[in-house]
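Student: I would like to go through this structure with you step by step, beginning with single residues and ending at the ligand.

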Amino acid sequence: MPDPTQPVLDFEAAWRSAREVDGWLTEEQARVLHQAAGAVAPGRVVEIGSHLGRSTIVLAASGAAVAAVDPFPDDWRYGRPDTEQRFRRHLAAAGLSDRVELHVATSRAVREQWDAPVRMVYVDGKHDVWSCLDDLRWSRFLREGDTVLVHDAFSSLGVTLAVLRDTLLGRRHRYVGRTGSLARFVVGTPSASDRVRVLRELPWFARNLVFKVLLRLHARPLARLLGHTGSADPY
Ligand SMILES: C[S@@+](CC[C@H](N)C(=O)[O-])C[C@H]1O[C@@H](n2cnc3c(N)ncnc32)[C@H](O)[C@@H]1O
């Protein structure tokens with residue numbers, strides 16, 4: 001009988017599948033997701049913002065049950081009419097379809113109907129400040145000490161403002177640290193030093209903003225000179 005606390009795929013196998021899927025997640029960030037989800041397996045992880053399944057594959061490979069939430073909007077940024085079908089194909093190719101329950105709706109609509117236990121939340125949905133703050137409300141299903149991971153926490157103005165507001169003014173999340181711009185929080189009352197630690201990430205956020213501006217200005221050689229390779233925004 002398979003051990004439900006063991007990963008379905010070890011990290012290397014999971015990453016071999018996930019890296020073939022377009023999306024925004026580095027290998028180091030994927031490793032953090034796999035480890036954090038594995039720590040609560042076979043408990044449930046809620047993923048807000050799944051796109052083509054890059055992060056979903058890594059989460060599901062850990063052995064956790066994954067509730068993937070994405071309305072798959074047909075918008076300028078993420079939209080293509082076949083995004084949901086491509087998402088399902090990628091999960092099937094990784095052999096993980098039966099580990100993922102897909103909710104094709106907004107995070108808020110799903111949350112308002114939600115009544116099942118959750119052990120970890122991964123936030124990578126709509127990147128404006130209000131949506132991100134709303135997504136963080138999923139943490140009310142978690143217990144003290146459980147993990148909340150937020151992608152683009154220090155590389156997207158909306159997400160960064162939401163994280164600053166939540167951690168500086170809120171009393172629910174303690175900042176642990178980051179892998180690139182993937183921030184890790186645990187549910188618990190933040191101390192003054194937890195709050196200061198978030199503020200200390202602001203130079204890293206400023207650096208990422210500079211690279212984003214340079215890329216918008218088509219100044220890739222200058223961005224490269226300053227340390228950012230590739231054409232994608234830093235994350
Ligand atoms: C940055 S992408 C997610 C990337 C994905 N996690 C990956 O690893 O590639 C953001 C996703 O959030 C989804 N999204 C937009 N509005 C949303 C909402 N209100 N609730 C949940 N997801 C939303 C978009 O459709 C898009 O697929």
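**Exposure, position and the ligand site**

Tutor: With a relative accessibility of 37%, Glu101 counts as partly exposed, because that class lies between buried, under 20% relative accessible area, and exposed, over 50% (1.4 Å probe, protein chains only). The model is a predicted one, in which local features need pLDDT of at least 70 and side-chain atom pairs count only at pLDDT 80 or more, while totals for chains, interfaces and linings use all residues. Residues are numbered from 1 along each chain as its sequence is written, and side-chain values use heavy atoms, with hydrogens and water left out.

Student: In which strand is Glu101 found, and how many Å separate Glu101 and Val66, C-alpha to C-alpha?

Tutor: Glu101 belongs to strand 3, residues 100-103, where strands (E, at least two residues) and helices (H or I, at least four) are DSSP runs numbered from the N terminus. Although Glu101 and Val66 are 35 residues apart in sequence, their C-alpha atoms lie at a distance of 6.2 Å.

Student: Is Gly125 buried or exposed?

Tutor: Gly125 sits in the loop that runs between strand 4 (120-123) and helix 6 (129-135). Its relative accessible area is 15%, and therefore Gly125 is classed as buried.

Student: How many of the residues of helix 3 are buried?

Tutor: Helix 3 spans residues 54-61 and is mostly covered. Its buried residues include Arg54, Ser55 and Ile57, and after the helix comes Gly63 with a positive phi near 105°. The number of buried residues in helix 3 is eight of eight.

Student: Which residues are closest to the ligand, and what is the make-up of the shell by class?

Tutor: The ligand is surrounded by 18 residues (a heavy atom within 4 Å of it), the closest being Gly49, Ser55, Asp70, Ser107 and Asp124. By class, with Ala, Val, Leu, Ile, Met, Phe, Trp, Tyr, Cys and Pro as nonpolar, Asp, Glu, Lys and Arg as charged, and the others, Gly among them, as polar, the shell has six nonpolar, eight polar and four charged residues.

Student: How far from an oxygen atom of the ligand does a polar side-chain atom of Asp70 lie, and what percentage of the ligand's area does the protein bury?

Tutor: A polar side-chain atom of Ser55 is 2.8 Å from a ligand nitrogen atom, and for Asp70 the distance from such an atom to a ligand oxygen atom is 2.6 Å. Taken alone, the ligand exposes 600 Å² (Shrake-Rupley method, 1.4 Å probe), of which the protein buries 94%.

Notes: A polar contact is a pair of N or O atoms within 3.5 Å; within protein, one must be able to donate a hydrogen and the other to accept it, and residues adjacent in sequence count only if both atoms are side-chain atoms.
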